[in-house]
Amino acid sequence: MARFAERREAIKLRKQGKTYTYIRGLLGVGKSTLSYWIKDVELTLRQREKINKDAKAKQIEAYIKTTKERRKRLIQNYYNAAQQELGSLSTRDFLMAGLFLYLGEGSKSDYSQVCISNSDPSIIRFAIFWFTKILGVNKNDIRVAVHLYKDMDIEQELKFWRQVTGTTKKHFWKPYIKKTSSQKINHPTFGHGTCKIYYGSAKLKNEIMAKIRVILDRSIKT
């Protein structure tokens, strides 16, 4: 839990324009760890100009930039290799991917609701795709609920999730606003709360759970 708190603090300080050396000295974390934590934080032009006035800080910032670019190239190489290995994905491939997603992130208790919840926008986009393109759910019948925190800009976050899901206000239920601050979250998030997508159908829910059970049972027998 302490690591997550330190990570949040590092990101917060970086957004304030603090140098790599300052943050590392304050938190006492390793070079590679801190570089990974703050890799997605973009400094403003003014913040960069201020840092560049310090020769040592400028040198370290150049190192961070080089490391970041090297990491991006490495990840892209893995992505390109994965594309080659996987080739074209069939409807069945996407069906199976969605079933495993549902096994991990889907609601199992409510027999009449198909629901997937996550804080990662890319997971929610895939869930919408899976619902509509693979399972044949009419997008107009999907409902969306978000869990946010009191210190967030609620309207901006709702707008964000509407863009992610490709839906409108009529699809959204009233957001649940947690009384705690987002700064007290003890695990990494994507900074936009949690999004849940729902579709009411006992038939579809039973079909999904049955297919998941078949997969689990067959894995035991193999």
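Two residues are taken to be in contact when heavy atoms of theirs lie within 4.5 Å, and it is in this sense that the packing of helix H8 is described here for a model that is predicted. The buried residues of H8 pack against four elements, namely E1, H7, E2 and E4. Helix H8 itself spans residues 154-165, and its twelve residues reach 16 Å from the first C-alpha to the last, which is close to the 16 Å expected at 1.5 Å a residue. Its buried residues are Glu157, Leu158, Trp161, Arg162, Val164 and Thr165. Viewed down the axis of H8, these buried residues fall within an arc of 160 degrees, and they therefore line one face of the helix. The face turned away from this buried side carries Glu155 and Gln163, which are exposed. Just after H8, Gly166 adopts a positive phi of about 65 degrees.

Three of the elements against which H8 packs are strands, E1, E2 and E4, and these strands are also joined to one another through E4. Strand E1, residues 113-118, runs antiparallel to strand E4, residues 194-200, and six bridges join the two; within this pairing, Asn118 has Cys195 of E4 as its bridge partner. Strand E2, residues 143-149, likewise runs antiparallel to E4, to which five bridges join it, and here Ala145 has Lys196 of E4 as its bridge partner. A further strand, E3, comprises residues 176-178 and includes Tyr176. With a relative accessible area of 47%, Tyr176 is partly exposed. The C-alpha atoms of Tyr176 and Val146 are 6.3 Å apart in space, although the two residues are 30 residues apart in sequence. When residues up to four places away in sequence are not counted, Tyr176 touches Val146, His147 and Leu148.

Aromatic residues provide a second set of links, with seven aromatic pairs counted in the model. In one of these, the rings of Phe94 and Phe129 have their centres 5.0 Å apart and their planes at 75 degrees, so that the pair is edge-to-face. Because Phe94 lies in helix H6, residues 91-105, and Phe129 in helix H7, residues 121-134, this pair ties together parts that are 35 residues apart in sequence. Both residues are partly exposed, Phe94 at 23% relative accessibility and Phe129 at 29%. The rings of Tyr102 and Trp130 form a tilted pair, since their centres are 6.5 Å apart and their planes stand at 35 degrees. This pair, too, links distant parts of the chain, with Tyr102 in helix H6 and Trp130 in helix H7, 28 residues apart. Here, however, Tyr102 counts as buried at 0% relative accessibility, and Trp130 is buried as well, with a relative accessible area of 0%. Ring pairs also link Phe94, Phe126 and Phe129 into a cluster.

Attention now turns to the helices that come earlier in the chain. In helix H2, which spans residues 20-27, Tyr20, Ile23 and Leu27 are buried. Seen down the axis of H2, the buried residues lie within an arc of 70 degrees, and for this reason they line one face of the helix. Just after H2, Gly28 takes a positive phi of about 65 degrees. The charged end of Lys18 sits over the ring of Tyr22, at 5.3 Å from the centre of that ring.

Helix H3, residues 31-37, contains Ser35, and Trp37 is also placed in this helix. Ser35 counts as buried at 3% relative accessibility; if its neighbours within four places in sequence are left aside, Ser35 is in contact with Tyr20, Ile64, Thr67 and Arg71. One of these contacts, Tyr20, is itself among the buried residues of H2. Trp37 likewise counts as buried, at 9% relative accessibility. The C-alpha atoms of Trp37 and Ile11 are separated by 6.9 Å, although the two residues stand 26 residues apart along the chain. Not counting residues up to four places away in sequence, Trp37 touches Arg3, Glu6, Arg7, Ala10, Ile11 and Val29.

Key. Residues are numbered from 1 along each chain as its sequence is written. This is a predicted model: local features need pLDDT of at least 70, side-chain atom pairs count only at pLDDT 80 or more; totals for chains, interfaces and linings use all residues. Side-chain values use heavy atoms; hydrogens and water are left out. Two strands pair if DSSP finds at least two bridges between them. Buried means under 20% relative accessible area, exposed over 50%, partly exposed in between (1.4 Å probe, protein chains only). The arc is that of the directions from the helix axis to the C-beta atoms. Rings of Phe, Tyr and Trp (its six-membered ring) pair if their centres lie within 6.5 Å; planes under 30 degrees apart count as stacked, over 60 as edge-to-face and the rest as tilted. A charge sits over a ring if NZ of Lys or CZ of Arg is within 6 Å of the ring centre and within 35 degrees of the ring normal. The expected span of a helix is 1.5 Å times one less than its number of residues.
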